[in-house]
Amino acid sequence: MSNLKGLDAIFGTAKEVEKEIVEISISSLVDYRKGNLGKNRYSKEDMDDLTESVKNFGVIQPLIVRPIGNEKYEILLGHHRKDAAKRNKLQTVPCIVKELDDDQAESWVFLNTKEQLGW
C-alpha cells in the first residue's frame with residue numbers, strides 16, 4: 001500500500017476550504033521572503049488583464065498565507081492577485097491562513113511554481 005496522500009488530504013475538500021477563507025487587510029500582507037517572487041511579476045499586459053478581472057469579479061481564488069507575527073502574513077501563493085486587488089484600491093483580499101514552518105512554506109511555494117511552469 002502506498003503512503004501517498006490524495007489531494008483532498010493535502011489541500012482539503014472544497015467545503016472545508018470555504019470555511020477557512022478569511023478577509024485580510026492588504027496592508028497586513030508581505031511578499032514571500034525567499035526567492036524572487038516579489039520581483040518576478042506578470043507582464044504588463046497580463047497584469048492589466050488580471051486587474052480588470054478583479055475589478056469585474058473580485059478576487060475569486062483566495063491567497064494562501066501564513067502568519068509571521070505582529071499581525072502580518074506572508075504570501076505563499078497569490079502575489080499577483082494581491083497586486084491586482086491593490087491596483088483596484090481594495091482594502092482586503094480573501095485568504096486561507098496556513099500554520100506552516102519554513103520548510104513547509106517553501107514546499108507550498110515550490111510546488112505551486114512548478115505547477116505554473118507546467119512541470
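Biologist: Does R66 count as buried or exposed?
Modeller: This is a predicted model, where local features need pLDDT of at least 70, side-chain atom pairs count only at pLDDT 80 or more, and totals for chains, interfaces and linings use all residues. Residues are numbered from 1 along each chain as its sequence is written, and side-chain values use heavy atoms, with hydrogens and water left out. The scale calls a residue buried under 20% relative accessible area, exposed over 50% and partly exposed in between (1.4 Å probe, protein chains only). At 6% relative accessibility, R66 counts as buried.

Biologist: Which residue forms a salt bridge with R66?
Modeller: A salt bridge needs a side-chain nitrogen of Lys or Arg within 4 Å of a carboxyl oxygen of Asp or Glu. For R66, the closest N and O atoms of the pair are 2.8 Å apart. The partner is D102.

Biologist: In which elements do R66 and D102 lie?
Modeller: Helices (H or I, at least four residues) and strands (E, at least two) are DSSP runs, numbered from the N terminus. The pair ties together parts that are 36 residues apart in sequence, because R66 and D102 lie in strand 3 and helix 5.

Biologist: Which residues do salt bridges that share partners join into one network?
Modeller: D102 itself is partly exposed, at 43% relative accessibility. Shared partners link R66 and D102 to others. The network is R33, R66, E74 and D102.

Biologist: How far apart in sequence are the parts that D48 and R87 tie together?
Modeller: These two form a salt bridge, with the closest N and O atoms 2.8 Å apart. D48 lies in helix 3 and R87 in helix 4, so the parts they tie together are separated in sequence by 39 residues.

Biologist: Does K98 count as buried or exposed?
Modeller: K98 meets E20 in a salt bridge of 3.5 Å, N to O. E20 sits in helix 2, and K98 in the loop between strand 5 and helix 5, 78 residues apart. E20, at 32% relative accessibility, is partly exposed. K98, at 14%, counts as buried.

Biologist: Which element gives the largest share of the largest nonpolar core?
Modeller: A nonpolar core is a set of buried Ala, Val, Leu, Ile, Met, Phe, Trp, Tyr and Cys residues joined through side-chain atoms within 4.5 Å. This one has 14 residues, and those touching the most other members include L29, V65 and C95. Strand 3, helix 4 and strand 5 are among the elements giving two or more residues. The largest share, 3 residues, comes from helix 3.
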